[in-house]
Structure formats: structure tokens, C-alpha cells
Amino acid sequence: MAADHRPKLPVQEREERGSRASRRLRRAGLVPGVVYGSGSDGTVAFKADARQLAQVLSAGSAVLDLEVGSGQPRPVIVKEEQRHPVRGELVHVDLLQVDLSEKIQSTVSVELTGVEEAPGVVQGGVLEHITRELAIEALPTDIPEQVLVDVSSLEIAATLPLSEIAPPAGVEFLDDPDETVIATVGAPSEIEAEDEVEEEPKLVGEAGEDAEAGEEGEAAEESEAKGSGDESS
């Protein structure tokens, strides 16, 4: 992505250190972070506006332009996000400055498409998403937000290995292509079949009970009719 199209994240250097200072920053609507650089840039601790940071991260760009104070923008990627275990809000972010001309290794999420159209699913099979992240190597500007995998052709008992997936342009998959399974489609649940089998004897039993009840009723009616005949004679 060209520099003029990359999301820009203005931040300020921070002197505050420690968990207590970080809590104060978060209460003020700021998120503490660190950018790991190289050469003269070095490592810089910063603080970013929480809302602005969330907007930039949700833009879906692998590379961001970080502006520390009045300094020149530096291209960075997200190294790690730390979130609150209960509220899920971002509490700390680590960024890594990159050279746009050198390939780097990263991980990207896998998203399945065409699940509802897969013949195996239409026939009652269960699709299982096995691998949800892939290790890749690419130029920072070629790193996709996610890898889309079309599973609309999968039949029952089908297995989709990584070897059958074409990587996005400029991207190399690093996982074993034959050992890495993206998705499978299992046969319809055997439990459902067992439930159907169990219902049959119950239905037969209910029919038998109804038949016995009918026979007993007929016998009672015959006995009453016979008794009435004896009395009239």
C-alpha cells in the first residue's frame, strides 16, 4: 500500500513507566505502547489516543505510519496487542518498525467462504475449521489482512489441505502444505441416527399398548352385552 493510503497514527512519547502509570493513562483515554525500531530510531515508548488507535487498527492495513511527536512517519506493523481479559479493551500495543523493501514473517487469520453452499454441508455434514492462522512471508506492503479460503465445493468426508490453496500475490506460506489441514467435512452425526433407532421400539410399544387397550375394551363390551342378554331372558 502506498504511503499516502496507509493509516496514520499520531502518538506522543511517554515518560510514564510501570503498571500504576499505565492505569492512569488508560483512565485518561490513552493506551500505552512501545515501537521497536532499528538504528538511530531505536525503541520508543509512546501513548496513543484509545479511540484513534482503535480506528487505525480496524482499518485492516498490515502497515501503519506511526508519527511520534513531530518526527517523520515510520512504517510499522502490529507486533502484539494486549487486551483486558474481561472487558476486551486494548490495554497495551507493541509495534515493530519495518523496512518496506525487505520481506518479513508474520501470521494472518484464515476465513472460510462458501460454507453454506458446500455440498457436504447441504447434505447434513458438519464442516470443521481446523487451521485458523497461517505463518507467511511477504513484503510488509503485501501482507493481507486475512487469507480467504473458498470451501463451497467440499463434499462429505472431504479434507482441504493447505497444498490446495493458492497464496495471495506476493505471499509465501510457511506451514507444511500437506500436513496443514484447513477444513474438513464430517458425515452427519451418528447420534442422530441412534436417536431415530431408539424411537422405533417406542413407537411399536405405543402401538402395542393401544392394540391391547382396544382388545380389552372389546372384551368388556362383549361381556356387558352378554350380561344384558341374560337379564332379558
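1. I begin with E89, which is partly exposed, having a relative accessible area of 37%. This is a predicted model, and E89 is found in it within the loop that runs between β5 and β6. Although E89 and A54 are 35 residues apart in sequence, their C-alpha atoms are 9.5 Å apart in space, and a reader new to the structure may wish to locate both residues before going on.

2. Strand β6, which covers residues 90–97, contains H92. The relative accessibility of H92 is 16%, and H92 counts as buried because that value is under the 20% limit used for the term. The side chain of H92 also makes a polar contact with the side chain of D94, at a distance of 3.3 Å.

3. The largest pocket deserves a careful look, and it holds about 510 Å³ of space. Two elements, β5 (74–83) and β7 (104–113), are those that give two or more residues to the lining of this pocket. Its lining consists of 17 residues, and those lying nearest the centre are S61, A62, V78, T107 and E145. By residue type, the lining of the largest pocket divides into eight nonpolar residues, five polar residues and four charged residues.

4. What lies over the face of Y36? It is K79 that takes this place, at 5.6 Å from the centre of the ring. As for pairs of aromatic rings, a search of the whole structure finds zero of them.

5. Is G33 buried or exposed? With a relative accessibility of 0%, G33 counts as buried, because buried means a value under 20%. G33 is found in strand β2, which is made up of residues 30–36. Along the chain G33 is 49 residues from Q82, while the separation between the C-alpha atoms of the two is 9.8 Å.

6. V63 also counts as buried, at 2% relative accessibility, but the place of V63 is in a loop, the one between α2 (50–57) and β4 (64–68). The C-alpha atom of V63 is separated by 9.5 Å from that of K8, a residue 55 positions away along the chain.

7. A157 should be checked for its backbone, since the phi angle of A157 is near 70°, a positive value in a residue other than glycine. This residue, A157, has its place in the loop between β10 (146–150) and β11 (159–161). At 63% relative accessibility A157 counts as exposed, because the term is applied to values over 50%.

8. The loop that follows β11 and leads to β12 (172–173) is where S163 lies. S163 counts as partly exposed, with a relative accessibility of 40%. In sequence S163 and V181 are 18 residues apart, and from C-alpha to C-alpha they are 8.8 Å apart in space.

9. To draw the points on accessibility together, the loop residues discussed above include V63, which is buried at 2%, E89, which is partly exposed at 37%, S163, which is partly exposed at 40%, and A157, which is exposed at 63%. The strand residues discussed above include G33 in β2, buried at 0%, and H92 in β6, buried at 16%.

Note on methods:
Residues are numbered from 1 along each chain as its sequence is written. This is a predicted model: local features need pLDDT of at least 70, side-chain atom pairs count only at pLDDT 80 or more; totals for chains, interfaces and linings use all residues. Side-chain values use heavy atoms; hydrogens and water are left out. Rings of Phe, Tyr and Trp (its six-membered ring) pair if their centres lie within 6.5 Å; planes under 30 degrees apart count as stacked, over 60 as edge-to-face and the rest as tilted. A charge sits over a ring if NZ of Lys or CZ of Arg is within 6 Å of the ring centre and within 35 degrees of the ring normal. On a 1 Å grid over the protein atoms alone, a cavity is a set of points where a 1.4 Å probe fits but cannot get out, and a pocket is an open set with protein on both sides within 12 Å along at least five of seven lines; lining residues have an atom within 4 Å of a point. Grid points are joined across faces, edges and corners, and a volume is the space filled by probe spheres set on the points. Helices (H or I, at least four residues) and strands (E, at least two) are DSSP runs, numbered from the N terminus. Ala, Val, Leu, Ile, Met, Phe, Trp, Tyr, Cys and Pro count as nonpolar, Asp, Glu, Lys and Arg as charged, and the others, Gly among them, as polar. Buried means under 20% relative accessible area, exposed over 50%, partly exposed in between (1.4 Å probe, protein chains only). A polar contact is a pair of N or O atoms within 3.5 Å; within protein, one must be able to donate a hydrogen and the other to accept it, and residues adjacent in sequence count only if both atoms are side-chain atoms.
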